[in-house]
Amino acid sequence: QVQLVESGGGLVQAGGSLRLSCAASGSIFLVSAMGWSRQAPGKQRELVAVISTGGSTNYADSVKGRFTISRDNAKNTVYLQMNSLKPEDTAVYYCNAEVLERSTAHFKDYWGQGTQVTVSS
C-alpha cells in the first residue's frame with residue numbers, strides 16, 4: 001500500500017501565497033507522474049497542474065503564471081507553490097501520484113486526503 005500525505009493548506013488573503021506539499025510513502029518502486037487537483041463547493045474536481053518524473057509540467061489556464069509545481073524525486077514529494085491567490089482559488093486541493101508498487105509490480109494511481117485552501121477577499 002501507498003499513502004499520500006498533504007500539508008500546507010490554510011487561510012490566506014487575496015494576493016497572498018501558500019505552498020502545498022504531498023509526500024508519498026509505502027510500497028513504492030518508483031513514482032511516475034504527480035499532480036494536484038482541486039474541488040470547490042458545488043463544482044467538479046479540476047486538474048490544476050501535473051509534473052512528470054523528468055520535470056515536464058502542465059497547468060490549467062486559470063493558474064498559469066501564478067502556480068508552480070515541482071517535485072523532489074529522492075523524497076517522492078510534490079509541491080505546489082501558489083502565488084497571487086484569488087478568492088476563486090478557494091477549494092480542497094488533492095495530490096495524486098502514479099506509483100509502480102514494489103509489492104505488486106503494477107502501476108496504480110493514488111490520491112491524498114485533501115487539504116483546504118481558503119482565500120479571503
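Which residues is Tyr-93 in contact with, leaving aside its neighbours within four places in sequence? In this predicted model, the contacts of Tyr-93 are Glu-6, Leu-20, Trp-36, Ser-37, Arg-38, Val-48, Phe-67, Leu-80, Met-82, Gly-114, Thr-115 and Val-117. Tyr-93 also belongs to the largest nonpolar core, which has 31 residues. Within that core, the members that touch the most others are Trp-36, Val-48, Phe-67, Val-78, Leu-80, Met-82 and Tyr-93. Two or more core residues come from each of strand 1 (2-7), strand 3, strand 4, strand 5 (46-51), strand 7, strand 8, strand 9 (91-101) and strand 11 (115-120). Strand 9 supplies the largest share, with 5 residues. In soluble globular proteins, nonpolar side chains tend to be buried together.

Strand 8 was examined next. This strand spans residues 77-82, and 5 of its 6 residues are buried. Strand 8 has antiparallel pairings with strand 3 (residues 18-26), through 6 bridges, and with strand 7 (residues 67-72), also through 6 bridges. In the pairing with strand 3, Cys-22 is placed opposite Val-78 of strand 8. In the pairing with strand 7, Ser-70 is the residue opposite Tyr-79 of strand 8. Strand 7 and strand 8 form a hairpin with 4 residues between the strands. In this hairpin, Asn-76 adopts a positive phi near 50 degrees.

Tyr-79 also takes part in an arrangement with a charged residue: Arg-19 lies over the face of its ring, 4.1 Å from the ring centre. A further case involves Arg-45, whose charged end is placed over the ring of Tyr-94 at 3.8 Å from the centre. As for pairs between aromatic rings, the structure contains 0.

Ser-27 is located in the loop between strand 3 and strand 4 (28-39). Its relative accessibility is 16%, so Ser-27 is classed as buried, the limit for that class being under 20%. When residues up to four places away in sequence are not counted, Ser-27 touches Gln-1, Val-2, Leu-100, Glu-101, Arg-102 and Ser-103.

Definitions and conventions
Residues are numbered from 1 along each chain as its sequence is written. This is a predicted model: local features need pLDDT of at least 70, side-chain atom pairs count only at pLDDT 80 or more; totals for chains, interfaces and linings use all residues. Side-chain values use heavy atoms; hydrogens and water are left out. Rings of Phe, Tyr and Trp (its six-membered ring) pair if their centres lie within 6.5 Å; planes under 30 degrees apart count as stacked, over 60 as edge-to-face and the rest as tilted. A charge sits over a ring if NZ of Lys or CZ of Arg is within 6 Å of the ring centre and within 35 degrees of the ring normal. Buried means under 20% relative accessible area, exposed over 50%, partly exposed in between (1.4 Å probe, protein chains only). Two strands pair if DSSP finds at least two bridges between them. Contact means heavy atoms within 4.5 Å. A nonpolar core is a set of buried Ala, Val, Leu, Ile, Met, Phe, Trp, Tyr and Cys residues joined through side-chain atoms within 4.5 Å.
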